[in-house]
Amino acid sequence: RFDLRRHHIWSHTEARDYLHQKGVRIYGIEIMANASPIMKYDPVTGVVRFPFDRRWSGAAFVMGNEGNGLSDKQRDICDEFLFIPQTR
C-alpha cells in the first residue's frame, strides 16, 4: 500500500508558505530567459550536474500546460526557474 499524506492548500501563496516551512525550494519549469537547464552534461567527464540548492531539504516542481506555460500566480511563488533541455 502506498499512501501519501495530504494537505489541502487554498491558494498559491499558502502553498509557497507551507513548502518553505518544510524546507522545500520551489522550482518553476518554464522556458524563459532567466531559467537554468534542469541538468548539465559534461561530455568530456561524463558527469551530469543538477542545479539544486542543497541547503534546502526538498524540491517541488511547478509545471504549467504545454501551450501557455505557468500562470502569473504560479510564477510568483517560484524560487527559481528551470527548463528541460530538448536535445537527444
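This is a tour of one protein model, stop by stop, with a suggestion at each stop of what to select in the viewer.

**The whole chain**

Begin with everything shown as a cartoon, and keep in mind that the model is predicted. The protein holds two helices and six strands, and if you follow the chain from the N terminus, these elements come in the order α-β-β-β-β-β-α-β. Now reduce the view to the C-alpha trace, which spans about 45 × 30 × 30 Å along its principal axes. When you switch on the surface, you are looking at an accessible area of about 7,300 Å², and 52% of that area belongs to carbon and sulfur atoms. Of the 88 residues, 25% count as buried. If you then display contacts between residues with a separation of 6 or more, 70% of them join residues that are 24 or more positions apart.

**Two rings that pair**

Next, select Tyr27 and Phe61 and show their side chains as sticks. How many aromatic pairs does the protein have? The count comes to one. Its ring centres, those of Tyr27 and Phe61, lie 5.8 Å apart with the planes at 25 degrees, and because planes under 30 degrees apart count as stacked, this pair is stacked. Tyr27 belongs to strand β1, residues 24-29, while Phe61 belongs to strand β5, residues 58-63, so that the pair links parts of the chain that are 34 residues apart. Colour the two residues by accessibility: is Tyr27 buried or exposed? Tyr27 has a relative accessibility of 1%, and since buried means under 20%, Tyr27 counts as buried. Phe61, with a relative accessible area of 39%, is partly exposed.

**Two loops**

Move on to Gly46, which sits in the loop between β3 (40-42) and β4 (47-49). With 41% relative accessibility, Gly46 counts as partly exposed. Draw a distance from the C-alpha atom of Gly46 to that of Asp72, and you will find 37 Å between these two residues, which are 26 residues apart along the chain.

The loop between β4 and β5 is where you find Phe50. Leaving aside residues up to four places away in sequence, Phe50 touches Ile38 and Met39. Select Ile38 together with Phe50, and their C-alpha atoms turn out to be 6.2 Å apart, although 12 residues separate them in sequence.

**The largest pocket**

Which residues line the largest pocket? Select Ile29, Glu30, Ile31, Met63, Gly64, Asn65, Glu66, Gly69, Phe83, Ile84 and Gln86, and you have its lining on screen. The space in this pocket is about 290 Å³. Colouring the lining residues by character divides them into five nonpolar, four polar and two charged.

**One lining residue, Gln86**

Finish by centring the view on Gln86, one of the residues that line the largest pocket. Gln86 lies in the segment after β6 (80-83). Why does Gln86 count as exposed? The relative accessibility of Gln86 is 67%, and exposed means over 50%, so Gln86 falls in that class. As a last step, draw the distance from the C-alpha atom of Gln86 to that of Ile26: the two residues are 60 residues apart along the chain, and their C-alpha atoms are separated by 22 Å.

Note on methods
Residues numbered from 1 in each chain as written. Predicted model: local features only at pLDDT ≥ 70, side-chain atom pairs only at ≥ 80, totals over all residues. Heavy atoms only, no water. 1 Å grid on protein atoms, 1.4 Å probe; cavity = no way out; pocket = protein on both sides within 12 Å on 5 of 7 lines; lining within 4 Å. Points joined across faces, edges and corners; volume = space filled by probe spheres on them. Nonpolar A, V, L, I, M, F, W, Y, C, P; charged D, E, K, R; others polar. Phe/Tyr/Trp six-rings, centres within 6.5 Å; stacked < 30°, edge-to-face > 60°. Helix = DSSP H or I, 4+ residues; strand = E, 2+ residues; numbered from the N terminus. Buried < 20%, exposed > 50% of the residue type's maximum accessible area, 1.4 Å probe, protein only. Contact = heavy atoms within 4.5 Å. Areas by Shrake-Rupley, 256 points an atom, 1.4 Å probe, with all protein chains shown as cover.
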